[in-house]
Structures are given as C-alpha cells and as structure tokens.
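Please report on the ligand site, the aromatic pairs and the unusual backbone spots of this structure. Short running text will do, with one table.

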Amino acid sequence: MTQDVVNFSAGPAGLPRPALERARDELLDFEGTGISIMEHSHRGKAYSGVHQEAIDLTKELFSVPDTHQVLFLQGGASGMFATIPLNFLGAGQSADYVVTGTWSKKALAEAKLLGATNLAGTGEVDGKFTRVPNASELSLDDNAAYVHLTSNNTIAGTQFHDFPETKAPLIVDMSSDIMSKPLDISKFGMIYAGAQKNLGPSGVVMAIASKELLASGSDAIPNIFRYKTHADKDSLYHTPPTFAIYLVRNVLAWLKEQGGLSGMADYNQKKAGMIYQTIAESDGYYSSPVEEDSRSLMNVVFRLGSEELEAKFVAEATKKGLSGLKGHRSVGGVRASIYNAVRLEGVERLVEFMGQFKANN
Ligand SMILES: *Cc1c(COP(=O)(O)O)cnc(C)c1O
C-alpha cells in the first residue's frame with residue numbers, strides 16, 4: 001500500500017485516515033446488523049442514529065446556539081448559490097454580494113438571475129483576486145435581504161480572518177474552511193459548505209442557519225428547494241445522501257478526538273506558518289501573490305520564477321509522493337491545500353522538498 005502519499009488536493013480532498021479506517025472496518029457489517037450502512041433505510045434505527053450523531057457532533061464542535069439549526073442538504077455549494085436567492089431574495093429586495101474570487105462570482109451570477117443585487121465589495125486588484133476587502137471598504141445596504149460572502153477563496157488562496165458586522169443576515173460560503181477554527185455561530189444568518197474539502201466526501205452540504213432566517217424563506221418555490229422543508233424534517237424530508245453523511249459523522253468524531261476546533265485552529269496555523277515562512281525565507285525564489293493580511297491558512301498559493309519551473313516543481317513533488325500541488329488552471333502556479341486532514345508531517349515533507357528543489361534548480 002502506498003501509504004506515504006500526502007494529498008494536497010483542493011477538493012475533493014484528503015480525508016482523515018482514522019475516518020476512512022472506521023468506514024472500512026464497518027463497511028460490510030454495520031454495528032452487527034449484517035449489512036452496510038448504505039443498505040439501511042434512511043428511516044431505520046441504524047441510519048437514524050448516525051444522522052442524529054452527525055447533527056449532534058456539529059452542534060457540539062461549533063457550540064451551535066438554540067437559535068440556529070444544522071442541515072444536511074444536496075446540490076453542492078453551487079446548488080446553494082441558487083437556493084439562497086430563491087429562498088431569501090424577495091420581490092423588491094436587493095442582496096449584497098462581496099466578490100473575492102471564482103466562487104463568489106458564480107454565487108452572484110445565480111442571484112442576478114433571480115433578483116436585484118449590489119456588489120458590496122471586491123478583492124480584485126488589476127483583474128486578480130489577491131486580497132479580501134476589510135470591513136471599512138464594504139458598501140453594505142442596511143436593508144439588503146442578506147449579505148453573501150466567501151470566507152476562503154480556494155482558488156486565489158485568500159481568506160477572511162474576521163467578518164464584517166452586518167445589519168442584514170450574513171450568509172457565508174465556507175466550503176473550504178468550515179470547521180478549521182472555532183466561530184461564533186450566532187453572528188451568522190447562515191454558513192454552508194460542500195463537504196468535499198474539509199468535512200467528508202462530495203454529495204452533501206452542511207448548512208447551519210438561524211431559525212428566524214429559515215422561517216422567513218419563500219413559500220412560492222417548490223418544496224424541495226425550500227430550506228424550511230428540510231429544517232422541518234431534520235434533513236429527512238426525502239432520502240438524504242446517507243453514506244456521505246455517515247462519513248461526515250466519522251470525520252466529526254475524529255475532529256472531536258483532535259481537541260475540537262480550537263485544537264484544529266492551532267494545528268492549521270502551524271502548518272500554514274511553515275509554508276509561508278519557507279516562502280518568505282527563500283530570497284524571492286518562491287513568492288506569494290497574495291497580500292499578507294489576506295493569506296489563506298487552507299490553500300497556500302505560491303509562484304516560482306517561470307511556468308516551466310513550476311511544472312517541474314509539481315512533477316518532481318508528485319514523484320516524491322506529494323500530490324495535488326498544481327495550481328488551479330485559472331491562476332497557475334503551485335497550490336498546497338492543507339485542510340484539517342493534512343498532517344503536520346506531510347507539510348514538513350513539503351517544506352523540505354521546497355528547500356531541496358530550490359538548491360537543485
Ligand atoms: C469547491 C467550492 C465550491 C463548489 O462546490 P460544489 O459542491 O462543487 O458546488 C463553492 N465554493 C467554494 C468556496 C469552493 O471551494
């Protein structure tokens with residue numbers, strides 16, 4: 001078995017090994033039932049236990065207040081780009097969008113199909129998303145239906161390290177940094193994330209929303225697209241992606257064992273710090289295109305002297321078991337995605353390789 005591959009992929013991304021081992025051990029016979037969890041009814045006792053545990057662990061890890069509800073939804077984060085305005089952007093209203101990269105652009109484009117929007121801020125500098133705006137740069141509309149922003153820009157390698165105070169409900173796409181650190185959930189109207197970066201496999205979205213916001217959603221849209229429908233039935237309105245939620249449960253249980261989200265936050269700081277330090281001490285051999293205050297702790301993007309050198313870097317790293325380092329095709333360069341599941345030892349191998357590559361090239 002090639003156990004020494006470190007997966008730096010941006011998504012679907014690496015999963016914590018213990019979560020996969022648990023799935024392997026339980027695959028053919030879930031808790032003595034003689035069948036796999038995938039084969040159980042979503043209304044039966046075996047799956048209900050897993051479903052409730054996934055919700056309970058989410059509440060516990062994030063200290064979710066009673067004002068908010070945890071949902072498991074389908075359609076990916078991209079589905080949310082459409083269902084958020086469908087539910088919450090009423091006739092005669094406008095929604096604020098902060099655009100800091102590819103994903104927030106897509107979110108805005110979907111909202112524009114359904115109603116009025118206001119570009120409340122951008123991270124664009126000379127056509128590139130190399131920073132996120134700070135709160136004072138935003139032009140927020142106090143009467144907006146909601147404010148939408150992307151907390152971590154997976155492709156550009158930028159991240160909001162704190163959030164603006166908003167009058168309107170703040171809705172945040174946290175697909176690539178959810179559960180990487182503790183948050184005060186009470187400040188958000190809704191946070192959501194496709195699971196495939198930091199929570200589990202693809203196929204399920206975790207959303208945590210204020211009950212007040214959920215109740216305010218439109219009734220003039222089909223049931224399946226109403227958040228209310230899913231909230232009323234505890235995400236069991238119809239067949240949920242049971243195996244994906246089961247794996248999310250395994251990842252959440254692992255997170256708890258790691259000391260929860262504050263333990264994870266320290267660990268993630270340390271990992272990202274090692275790579276940024278290596279870049280800073282490379283005398284310009286490696287460079288970060290991102291402004292210092294906006295640098296992501298999840299997706300570390302960096303450049304070398306030429307595209308040829310970058311291609312060579314990625315190819316040689318892959319041979320050494322450091323996989324998934326190629327930057328997104330829209331921005332180029334190198335990207336090390338270091339989500340919760342990437343171990344410190346993996347990052348140590350990367351920075352060691354960066355040193356060797358610099359010495360040899
Ligand atoms: C990957 C990603 C998405 C898209 O997720 P899907 O589940 O594939 O729709 C959206 N937003 C962010 C920030 C992402 O990283």
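Of the 13 residues around the ligand, which come nearest? They are Ser78, Thr154, Asp173, Gln196 and Lys197. Keep in mind that this is a predicted model.

**Ligand site**

Polar contacts come next. The table lists three of them, each to an oxygen atom of the ligand.

| Residue | Polar side-chain atom to ligand oxygen |
|---|---|
| Thr154 | 2.5 Å |
| Gln196 | 2.9 Å |
| Lys197 | 2.7 Å |

On its own, the ligand has 390 Å² of accessible area, and the protein covers 86% of it. Helix α3 (residues 76-88) gives the largest share of the shell around the ligand, with four residues.

**Aromatic pairs**

A pair of aromatic rings is described by the distance of the centres and the angle of the planes. The count here is 13 aromatic pairs, with ring centres within 6.5 Å as the cut-off. Take Phe30 and Tyr246. Their ring centres are 6.1 Å apart and their planes stand at 85°, so the pair is edge-to-face. An angle over 60 degrees is what that label requires. Phe30 sits in the loop between α1 (17-26) and α2 (45-62), while Tyr246 belongs to helix α7 (residues 242-257). The pair therefore ties together parts that are 216 residues apart in sequence. Phe30 and Tyr246 are both buried.

Tyr285 and Tyr286 make another edge-to-face pair, with 5.0 Å from centre to centre and 85° between the planes. Tyr285 and Tyr286 are buried too. Ring pairs also join these two tyrosines with Phe302, Phe313, Phe353 and Phe357 in a cluster.

**The loop that holds Phe30**

Ser36 lies in the loop between α1 and α2. Is Ser36 buried or exposed? Its relative accessibility is 6%, so Ser36 counts as buried. The Ser36 side chain reaches the backbone nitrogen of Met38 at 2.9 Å. Setting aside neighbours within four places in sequence, Ser36 is in contact with Leu27, Leu28 and Phe30. Phe30 is the residue whose ring pairs with Tyr246.

**Helix α8**

Does the length of α8 fit its residue count, and what span should its 21 residues cover? Helix α8 (residues 260-280) should span 30 Å at 1.5 Å a residue. The end C-alpha atoms are 30 Å apart, which agrees. The buried residues of α8 include Leu261, Met264, Tyr267, Ile275 and Tyr276. Polar side chains are on that list as well, among them Asn268, Lys271 and Thr278. The buried residues of α8 pack against α2, α7, β13 (299-302), β15 (334-337) and α10 (344-360).

**The loop between α5 and α6**

Two residues stand for this stretch. Arg226 is found in the loop between α5 (211-215) and α6 (227-232). At 17% relative accessibility, Arg226 falls under the 20% limit and so counts as buried. Beyond residues up to four places away in sequence, Arg226 touches Asn87, Ser218, Asp219 and Ile221.

Asn223 is placed in the loop between α5 and α6. Its relative accessible area is 38%, so Asn223 is partly exposed. Not counting residues up to four places away in sequence, Asn223 touches Thr229 and Tyr237. How far apart are the C-alpha atoms of Asn223 and Glu124? They are separated by 37 Å, with the two positions 99 residues apart along the chain counted as their spacing.

**Backbone exceptions**

Most residues other than glycine have a negative phi, and most peptide bonds are trans. Some spots depart from that pattern. A cis peptide bond joins Gly11 and Pro12, with omega at about -10°. Pro12 is in the loop between β1 (6-7) and α1.

Asp234 is not a glycine, yet its phi is positive, about 50°. Asp234 is in the loop between α6 and α7. With 35% relative accessibility, Asp234 counts as partly exposed.

Asp283 also has a positive phi, about 55°, although it is not a glycine. The place of Asp283 is in the loop between α8 and β13. Asp283 has a relative accessible area of 72%, so it is exposed.

Technical notes: Residues numbered from 1 in each chain as written. Predicted model: local features only at pLDDT ≥ 70, side-chain atom pairs only at ≥ 80, totals over all residues. Heavy atoms only, no water. Phe/Tyr/Trp six-rings, centres within 6.5 Å; stacked < 30°, edge-to-face > 60°. Helix = DSSP H or I, 4+ residues; strand = E, 2+ residues; numbered from the N terminus. Buried < 20%, exposed > 50% of the residue type's maximum accessible area, 1.4 Å probe, protein only. Expected span 1.5 Å × (residues − 1). Contact = heavy atoms within 4.5 Å. Near = heavy atom within 4 Å. Polar contact = N/O pair within 3.5 Å; in protein donor to acceptor, adjacent residues only side chain to side chain. Areas by Shrake-Rupley, 256 points an atom, 1.4 Å probe, with all protein chains shown as cover.
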